[in-house]
Amino acid sequence: MSVRKPAELSPESIARANRKRLAAEEGARAMVDVGRQAIEVRKNMARLRELRETRDAAAATRLAQLPALPPKKRHQEVAAIVKFGSGR
């Protein structure tokens, strides 16, 4: 037994078809929007990475230009404790 579709569609089936069509169109627009946002995020990340690398390179050149600090002199008491132990 096969059920035949009526020649005219019911208002409910027309409304259902319209809702499905609108949902599909909105879903496609949402996917395009998500893709566009992902591209913007990647561009911003690349821009920030470039700024960070530039800042780090400038800091490295500034540090390289500074004279080396002489080693700190230890007090005699600290040197004696290190050399002979705390005596405990």
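In which helix do E25 and R21 both lie, and how many residues apart are they? Both belong to helix α1, which covers residues 11–65, and they are 4 residues apart, about one turn of the helix. The legends below describe a predicted model.

**Figure 1. Overview of the protein chain in the predicted model.** The secondary structure consists of 2 helices and 0 strands. The chain has 88 residues, of which 1% count as buried. Its exposed surface amounts to about 9,100 Å², and carbon and sulfur atoms supply 60% of that area. A search of the whole structure yields 3 salt bridges, shown in Figures 2 to 4.

**Figure 2. Close-up of the salt bridge between E25 and R21 in helix α1.** The two side chains meet at 3.3 Å, taken from N to O. The partners are separated by 4 residues, about one turn of the helix. E25 has a relative accessibility of 35% and therefore counts as partly exposed. R21 is likewise classed as partly exposed, because its relative accessibility is 41%.

**Figure 3. Close-up of the salt bridge between R36 and D33.** Here the N to O distance is 3.7 Å. Both residues lie in helix α1, at a separation of 3 residues, about one turn of the helix. R36 is partly exposed, with 45% relative accessible area. For D33 the relative accessible area is 34%, so this residue is also partly exposed.

**Figure 4. Close-up of the salt bridge between D56 and R55.** The side chains of D56 and R55 meet at 3.4 Å, N to O. D56 has a relative accessible area of 41% and is partly exposed. R55, by contrast, is exposed, with a relative accessible area of 53%. The cut-off explains this assignment: a residue is called exposed because its relative accessible area is over 50%, and the value for R55 is 53%.

**Figure 5. Close-up of the polar contact between R47 and N44.** The side chains of these two residues are joined by a polar contact of 2.7 Å. R47 is located in helix α1. With a relative accessible area of 45%, R47 is partly exposed. That class applies because the value lies between the limits of 20% for buried and 50% for exposed.

Definitions and conventions. Residues numbered from 1 in each chain as written. Predicted model: local features only at pLDDT ≥ 70, side-chain atom pairs only at ≥ 80, totals over all residues. Heavy atoms only, no water. Buried < 20%, exposed > 50% of the residue type's maximum accessible area, 1.4 Å probe, protein only. Areas by Shrake-Rupley, 256 points an atom, 1.4 Å probe, with all protein chains shown as cover. Polar contact = N/O pair within 3.5 Å; in protein donor to acceptor, adjacent residues only side chain to side chain.
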